[in-house]
Each structure stands twice: as C-alpha cells, then as structure tokens.
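I opened this notebook to record what I looked up, one entry at a time. The entries start with a single residue and then widen to helices, cores and the whole chain.

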Amino acid sequence: MVQLSQENIDRVQKIIERYPEGRQKSALLPVLHVAQEQFGWLSVETMDYVASLLQIEPIEVYEVASFYSMYNLKPVGKYMFEVCQTGPCMLNGSDDIIAYIGEKLSIKPGETTEDGMFTLKTVECLGACGYAPMMQLGKFYKEHLTKEKVDAIIEACRAKHH
C-alpha cells in the first residue's frame, strides 16, 4: 500500500491547515507535489491515497493531475528534459532540439531511456520566450539551446550520476 513518510504526512497536515474547514481540496496541488517528490510519479494508487488524505473523490485528483504537465502519471527518468514547444520556441528551433535530444538518447517525447536516466517531455510555454529555444531540467531553465549545449547538459547529468 502507498503511504507517505511521517515527515511528509506532517507536511501535508500543515498544507491542509492553510485552508478553511471543508476547503481541503484547495491543498491538492501542493499535496500532489509532496507525493510526487516521495514516489517520483503519481500512480493511480498514489492518487487514490491523496484523495483519501484530502477526503475528496479520486476523480477530482485524476482531473487535476492529468491537466498539469508538472505531474508525472508514469515513471520518469532521474533527469527530465521538459522542452518548450510553444510558438516562440518553435520559431527559434525547438523542434530541432527535441528531435536532436530524441536522436541522441534514442527516445521519443514521453519516453524514458532504458537505463531510467532520462525522460524527454514536450511542454507548453514555460514563460521564458526571450531565451528560446529552452527547456526545464528539474528546477532550472536551460536557455538558448543548441546541439552543443544539449550535449554538455547530457554529459553533465551523466557525470553527476557516476
């Protein structure tokens, strides 16, 4: 059975307490972040568990988790390349960057490398249009992407891992 650590249960309680009685659904986004942080992704079992913590229907959790690109509904790699594919990035070559990453790692958008190291995901605008093409890697933006920069990012991730 899926269960948050005691530390994360305490975090969830603090989050729920921010909202008025009967409005605990408002805590859903941050609670999903806590769950994803612990488990790496949100399985149906995990989402059902979150629903029980917040005393809401599982469908309410599925709707929200499937709407936002920051929630992973299947296992992802240790490093997730979230490449923006919206207009300004596309005009500046994000399609080529997405294709290059896919070729380099032998995966398509939405897939994870066999070694579980990298996931390639295409996302909508990340609000950094002036730095196109760009992607998010964890909490960091990688901007003005070129094939050389992509190579360096992949190498840096691999070096960190060994």
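**Entry 1: Glutamate 17**

I began with glutamate 17, which I found in helix 1; I note at the outset that the model I am reading is a predicted one. I then asked whether glutamate 17 counts as buried or exposed. Its relative accessibility is 60%, and because exposed means over 50%, glutamate 17 counts as exposed. I also looked up its separation from alanine 27: the two are ten residues apart in sequence, and their C-alpha atoms lie 8.8 Å apart in space.

**Entry 2: Asparagine 8**

Staying in helix 1, I turned to asparagine 8, which has its place there. Asparagine 8 has a relative accessible area of 7% and is buried, whereas glutamate 17 in that helix is exposed. Setting aside residues up to four places away in sequence, I found that asparagine 8 touches Val34 and Gln38.

**Entry 3: Helix 1 against helix 2**

How are two packed helices described? The description uses the angle between their axes and the distance between the axes. For helix 1 and helix 2 I noted a packing angle of about 170° and axes 10 Å apart. Angles over 145 degrees count as roughly antiparallel, and helix 1 and helix 2 are therefore roughly antiparallel to each other. On the helix 1 side, the contact is made by Asn8, Arg11, Val12 and Ile15, and on the helix 2 side by Pro30, Val31, Val34, Glu37 and Gln38. Sorted by class, this contact has five nonpolar, two polar and two charged residues.

**Entry 4: Helix 4**

I next asked which residues of helix 4 are buried, and I listed Val61, Val64 and Ala65. They cover an arc of only 95° around the axis, so they are on the same side of helix 4. What do the buried residues of helix 4 pack against? They pack against helix 2 and helix 3.

**Entry 5: The cores**

I then looked up the largest nonpolar core, which has 22 residues, and recorded Leu28, Val31, Leu32, Leu42, Val50, Leu54 and Val61 as those with the most contacts inside it. The elements giving two or more residues to this core are helix 1 (6-17), helix 2 (28-39), helix 3 (44-54) and helix 4 (58-67). I followed leucine 54 further: apart from its neighbours within four places in sequence, it is in contact with Ile16, Gln24, Ala27, Leu28 and Val31. A second, separate core has 19 residues, including Phe81, Ile98, Ile107 and Val150.

**Entry 6: Valine 150**

From the second core I picked valine 150, whose place is in helix 7 (residues 147-161). Valine 150 counts as buried, at 1% relative accessibility. Not counting residues up to four places away in sequence, valine 150 touches Ile97, Tyr100 and Ile101. The C-alpha atoms of valine 150 and lysine 104 are separated by 9.3 Å, although the two residues are 46 residues apart along the chain.

**Entry 7: The whole protein**

Last, I stepped back to the protein as a whole, which has seven helices and four strands and follows the pattern α-α-α-α-β-α-α-β-β-β-α along the sequence. Its C-alpha trace spans about 50 × 35 × 25 Å along the principal axes. Of its 162 residues, 40% count as buried. Among contacts between residues at least 6 apart in sequence, 61% join residues at least 24 apart.

Conventions
Residues are numbered from 1 along each chain as its sequence is written. This is a predicted model: local features need pLDDT of at least 70, side-chain atom pairs count only at pLDDT 80 or more; totals for chains, interfaces and linings use all residues. Side-chain values use heavy atoms; hydrogens and water are left out. A nonpolar core is a set of buried Ala, Val, Leu, Ile, Met, Phe, Trp, Tyr and Cys residues joined through side-chain atoms within 4.5 Å. Buried means under 20% relative accessible area, exposed over 50%, partly exposed in between (1.4 Å probe, protein chains only). Contact means heavy atoms within 4.5 Å. Axes are lines fitted to C-alpha atoms, for helices over the stretch in contact, and angles run from 0 to 180 degrees between N-to-C directions. Angles under 35 degrees count as roughly parallel, over 145 as roughly antiparallel, 65 to 115 as roughly perpendicular and the rest as oblique. Ala, Val, Leu, Ile, Met, Phe, Trp, Tyr, Cys and Pro count as nonpolar, Asp, Glu, Lys and Arg as charged, and the others, Gly among them, as polar. The arc is that of the directions from the helix axis to the C-beta atoms.
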